[in-house]
Amino acid sequence: MSEKIKVGISIGDVNGIGLEIIIKTLADARIYDYCTPIVYGHTKVASFHRRATQVNELNFHVINDPSQAQAKKPNMINCWEEDVKIEMGQVTEAGGKYAFISLERATFDLKEGYIDALITAPINKDNIQNHQFNFPGHTEYLQQRDGAAESLMFLVSDTLRVGVVTGHIPISKVASSITGEKILAKLKLMNHSLQNDFWIRKPKIAVLGLNPHASDNGLIGSEEKEVIIPAIEEARNNDIMAFGPYSADGFFANGTYLQFDAVLAMYHDQGLIPFKQIAFESGVNFTAGLNFVRTSPDHGTAYDIAGKNQASEISFREALFTAIHIVKHRRETLELNENPLVFTKLSRDRD
């Protein structure tokens, strides 16, 4: 419990804002009181971005593997040797190539237990595609690497937590992809994560409808009656406090979400648009349901401001601290379960 948490950081697209927000975060010396950060990239690329952000006092300690990481310092593992052409704000083949190299090395160390958590800087989901990364995003790649049957894209902040039933799929495939089994599986993952990762003893979860006005009792679609409501009822039979379905527009507009510990949306934009409107700067993307801990900021590569020293590091910093908290909660839960208090029946006899 006393060992400092080692946090791995993948740099994302070298032409985006990933290294800018990493450098700005690690420039705060208070970070090192809570973790030992290890960045997977290259010092030459980092130096380019450091000059752009004007953070001249930050120097990376170069290591070969996490066992060599030094506390109170930002550590860097050089994942390649060749020079990289950086074209800030541009979508290039190199941007995707080195984003994947960074992610692959960090994920390997994460699975092997050499680091305790992974924070991923933003990638471009198009230029990173290759024969090893044929996924619509980080979430699906990490689920496959973990060997998990299911995972949950879980957007979290101090005031709102939102998960989605369907993630990175075309909107035309959403309705056919939503089944009662899938909703129940996501509710189980969400409930378990709220209890074990966020230490909420009896979570209350709101479930959104698929159709406008949650179908108005079947006037606008049948998915609520035939799929969503039975899944909610089955969740309750599994001791999950699930409620709904709620009409998404009114649910967020009138602040009903404040009455719940989390919200399960049916598809990506239904959940992420209100989340980013409510908690954009402080929001964190957490992949729940995996054996390891991974978080990321809730924004993309932001090519339009890359290299201009305009990117905010707040979401990335929140992703770092969220990962630290979840690792601690999991460690403490494991420790408590390994050494439970012995139950002793009280006797009515008195001395």
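This is a stop-by-stop tour of a predicted model, with selections to make in your viewer.

**Stop 1: the sheet**

Start with the strands. Twelve of them make an open sheet with mixed pairing. Follow the order E3-E4-E2-E1-E5-E12-E11-E6-E7-E10-E8-E9. The edges are E3 and E9 (241-246), each of which pairs on one side only. Ignoring direction, neighbouring strands are turned by 25° against each other on average.

**Stop 2: from the E3 edge inward**

Select residues 61-63, which are strand E3. E3 runs parallel to E4, and three bridges join the two. Pick out His-61 here: its bridge partner in E4 is Asn-75.

Now add residues 35-41, strand E2, and residues 75-78, strand E4. This pair is also parallel, with four bridges. Val-39 has Met-76 of E4 as its bridge partner.

**Stop 3: helix H1 and the main core**

Select residues 18-26 for helix H1. H1 lies across E1 (5-10), E2 and E12. Against E2, it runs at about 155°.

Stay nearby in your selection and colour Ile-22. Which residues does Ile-22 contact, leaving aside neighbours within four places in sequence? They are Ile-9, Ser-10, Ile-11, Val-39, Ala-121 and Phe-316. Val-39 is the residue you just saw bridged to Met-76.

Ile-22 also belongs to the largest nonpolar core, which has 91 residues. Ile-22, Phe-154 and Ile-183 have the most contacts inside this core. Helix H10 (residues 314-338) gives the largest share, seven residues. A separate core of 16 residues includes Leu-160, Phe-260, Val-263 and Phe-275. Keep Phe-260 in mind for the last stop.

**Stop 4: His-299**

Go to the loop between E12 (293-297) and H10, and select His-299. Is His-299 buried or exposed? It counts as buried because its relative accessibility is 17%, below the 20% cut-off. Show its contacts beyond four places in sequence: Ile-17, Ile-21, Pro-122, Phe-280, Ser-312 and Ser-315.

**Stop 5: helix H4**

Select residues 138-146, helix H4. Its buried residues are His-138, Thr-139, Tyr-141, Leu-142, Gln-143 and Asp-146. What covers them? The cover includes helix H3 (93-111), E5 (117-120), E6 (152-156), E11 (284-288) and E12. Then step to Gly-147, which follows H4 and has a positive phi, near 75°.

**Stop 6: E6 and its two neighbours**

Show E6 with E11. They pair in the antiparallel sense over five bridges. Leu-152 is bridged to Ala-288 of E11.

On E6's other pairing, look at E7. Three bridges join E6 to E7, again antiparallel. The two form a hairpin with four residues between them. Val-156 stands opposite Arg-161.

Select E7 itself, residues 161-164. In a regular strand, side chains alternate between the two faces of the sheet. Here Arg-161 and Gly-163 point one way, while Val-162 and Val-164 point the other. All four are buried.

Continue to E10 (residues 262-265), which pairs with E7 in the parallel sense over three bridges. Gly-163 stands opposite Leu-264.

**Stop 7: aromatic rings**

There are 15 aromatic pairs in the structure. Take Trp-80 and Tyr-98: their rings are tilted, 4.7 Å centre to centre and 55° between the planes. This pair links distant parts of the chain, 18 residues apart. Trp-80 is in the loop between E4 and H3, and Tyr-98 is in helix H3. Trp-80 counts as buried, at 5% relative accessibility. Tyr-98 is buried too, with a relative accessible area of 5%.

Next, select Phe-251 and Phe-260. They form another tilted pair, 6.0 Å centre to centre and 40° between the planes. Phe-251 is buried at 2% relative accessibility, and Phe-260 is buried at 11%.

Widen the selection to Phe-243, Tyr-246, Phe-251, Phe-252, Tyr-257 and Phe-260, which form one aromatic cluster. Finish with Lys-204. Where does its charged end sit relative to Phe-260? It sits over the ring, 5.3 Å from the centre. The charged end of Lys-204 also sits over the ring of Phe-243, 5.9 Å from its centre.

Definitions and conventions
Residues are numbered from 1 along each chain as its sequence is written. This is a predicted model: local features need pLDDT of at least 70, side-chain atom pairs count only at pLDDT 80 or more; totals for chains, interfaces and linings use all residues. Side-chain values use heavy atoms; hydrogens and water are left out. Two strands pair if DSSP finds at least two bridges between them. A nonpolar core is a set of buried Ala, Val, Leu, Ile, Met, Phe, Trp, Tyr and Cys residues joined through side-chain atoms within 4.5 Å. Buried means under 20% relative accessible area, exposed over 50%, partly exposed in between (1.4 Å probe, protein chains only). Contact means heavy atoms within 4.5 Å. Rings of Phe, Tyr and Trp (its six-membered ring) pair if their centres lie within 6.5 Å; planes under 30 degrees apart count as stacked, over 60 as edge-to-face and the rest as tilted. A charge sits over a ring if NZ of Lys or CZ of Arg is within 6 Å of the ring centre and within 35 degrees of the ring normal. Axes are lines fitted to C-alpha atoms, for helices over the stretch in contact, and angles run from 0 to 180 degrees between N-to-C directions.
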